[in-house]
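Subject: Structure handover

Hello,

Here is the structure I promised to pass on. Please open it alongside this email; my notes follow below.

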Amino acid sequence: MDGKHILNSNYEFIYVDVGKNGRLSDGGVFEYTEFGRKLLAKKLNLPDTNATVNNMNYVFIGDEAFSLEENFLKPYAQKDLNSEKRIFNYRLSRARIVVENAFGIISSRFRILHTPINMQPKNISYVILAICVLHNFLRRRCNAYISPTTVDSEDTDGCEKHQGDWRNNAVELVGLQPVNSRTATIRAKINRGNYKEFFNTEGRVEWQDAMIRAGRA
């Protein structure tokens, strides 16, 4: 997830909100979307915990720009990281890279995004929505649209990270601006702690420790 978009693991946009006030921080935009308001108000009708592994909360993920919520995971701050927290951050980053790849793909495929769009704001919104729809259509119907080398990947045997081909053609992606985070609730911290424990125990992947030791995360 970024401030106004939600993606699934197949690089598809499943929620897009276009046209919020530019004076808002990118992370803060989330709270002004219909989705953000409903998530914070617990009105999204998310699956019950018995539908997840170990009865953990159903969650969305984002980066440091967002606030930690009961159904929203963000990384631990870089200061005072221990081994378990680094593993958690690494596992979260592996999922979050889907968002960066998706935006990289559309910026490399749709050249209109390389320059300022000289249109009325209303029409620009239609252009952005159309790009997201076309991207989803191509992702589902065209096998050649995304190849294994298009996106960033990991060599888990050699503990190496490889950059996707989209980086050769895409415009530079700008990171989200931090939002003035609210103090996380106890339940939100417990939920993140549950995921941290899971990633370090029965939910671990065999290469995660080597990636940490190699400084790849």
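Let me begin in a loop. Asn54 lies in the loop between α2 and β3. Its phi is positive, about 55 degrees, although Asn54 is not a glycine. Asn54 is partly exposed, with a relative accessible area of 44%. Please keep in mind that this is a predicted model.

The loop between α2 (34–40) and β3 (60–61) also holds Lys42. Lys42 is not a glycine either, yet it has a positive phi of about 60 degrees. Why pick these residues out? Most residues other than glycine have a negative phi. Is Lys42 buried or exposed? Lys42 counts as exposed, because its relative accessibility is 55% and the cut-off for exposed is over 50%.

The chain as a whole

Now the overview. The chain has six helices and six strands. In sequence order, they follow the pattern β-β-α-α-β-β-α-α-β-β-α-α. The chain has 217 residues, and 39% of them are buried. About 12,900 Å² of the chain is exposed. Carbon and sulfur atoms supply 48% of that area.

Contacts across the sequence come next. Take the contacts with a separation of 6 or more. Of these, 62% are between residues 24 or more positions apart.

Helix α3 and helix α5

How do α3 and α5 pack? Their axes are 9 Å apart, and the angle is about 90 degrees. The two helices are therefore roughly perpendicular to each other, since that term covers angles of 65 to 115 degrees. Helix α5 spans residues 186–200. Helix α3 spans residues 83–109.

Which residues meet there? From α3 come Glu84, Lys85, Ile87, Phe88 and Arg91. From α5 come Arg192, Tyr195, Lys196, Phe199 and Asn200. By class, the residues of this contact divide into four nonpolar, one polar and five charged.

Ser83 also lies in helix α3. Ser83 is partly exposed, with a relative accessible area of 49%. Ser83 and Asn200 are 117 residues apart along the chain. Their C-alpha atoms are separated by 9.3 Å.

Ser108 and Phe110

Look next at Ser108, which is in helix α3 too. Ser108 counts as buried because its relative accessibility is 11%, and the cut-off for buried is under 20%. What does the Ser108 side chain reach? It reaches the backbone oxygen of Ile105, at 2.9 Å. Leaving out residues up to four places away in sequence, Ser108 touches His114, Trp166, Asn169 and Ala170.

Phe110 is in the loop between α3 and α4 (121–141). Phe110 is buried, with a relative accessible area of 15%. Which residues does Phe110 contact, apart from its neighbours within four places in sequence? They are Ile131, Leu134, His135, Leu138 and Tyr145. Take His135 from that list: Phe110 and His135 are 25 residues apart in sequence. In space, they are 9.3 Å apart, C-alpha to C-alpha.

Thr149

One more loop residue. Thr149 is in the loop between α4 and β5 (153–155). Thr149 counts as partly exposed, at 46% relative accessibility. With residues up to four places away in sequence set aside, Thr149 touches Gly164 and Asp165.

How far apart are Thr149 and Asp165? In sequence, the gap is 16 residues. In space, it is 6.0 Å, C-alpha to C-alpha. Their side chains make a polar contact with each other, at 2.8 Å.

Where to look

For a quick tour, try these stops:

- Lys42 and Asn54, for the positive phi values.
- α3 and α5, for the roughly perpendicular packing.
- Ser108, for its side-chain reach to the backbone oxygen of Ile105.
- Phe110, a buried residue in a loop.
- Thr149 and Asp165, for the polar contact between their side chains.

Best wishes

Definitions and conventions. Residues are numbered from 1 along each chain as its sequence is written. This is a predicted model: local features need pLDDT of at least 70, side-chain atom pairs count only at pLDDT 80 or more; totals for chains, interfaces and linings use all residues. Side-chain values use heavy atoms; hydrogens and water are left out. Helices (H or I, at least four residues) and strands (E, at least two) are DSSP runs, numbered from the N terminus. Buried means under 20% relative accessible area, exposed over 50%, partly exposed in between (1.4 Å probe, protein chains only). A polar contact is a pair of N or O atoms within 3.5 Å; within protein, one must be able to donate a hydrogen and the other to accept it, and residues adjacent in sequence count only if both atoms are side-chain atoms. Contact means heavy atoms within 4.5 Å. Accessible areas come from the Shrake-Rupley method with a 1.4 Å probe; for residues, only the protein chains shown count as cover. Axes are lines fitted to C-alpha atoms, for helices over the stretch in contact, and angles run from 0 to 180 degrees between N-to-C directions. Angles under 35 degrees count as roughly parallel, over 145 as roughly antiparallel, 65 to 115 as roughly perpendicular and the rest as oblique. Ala, Val, Leu, Ile, Met, Phe, Trp, Tyr, Cys and Pro count as nonpolar, Asp, Glu, Lys and Arg as charged, and the others, Gly among them, as polar.
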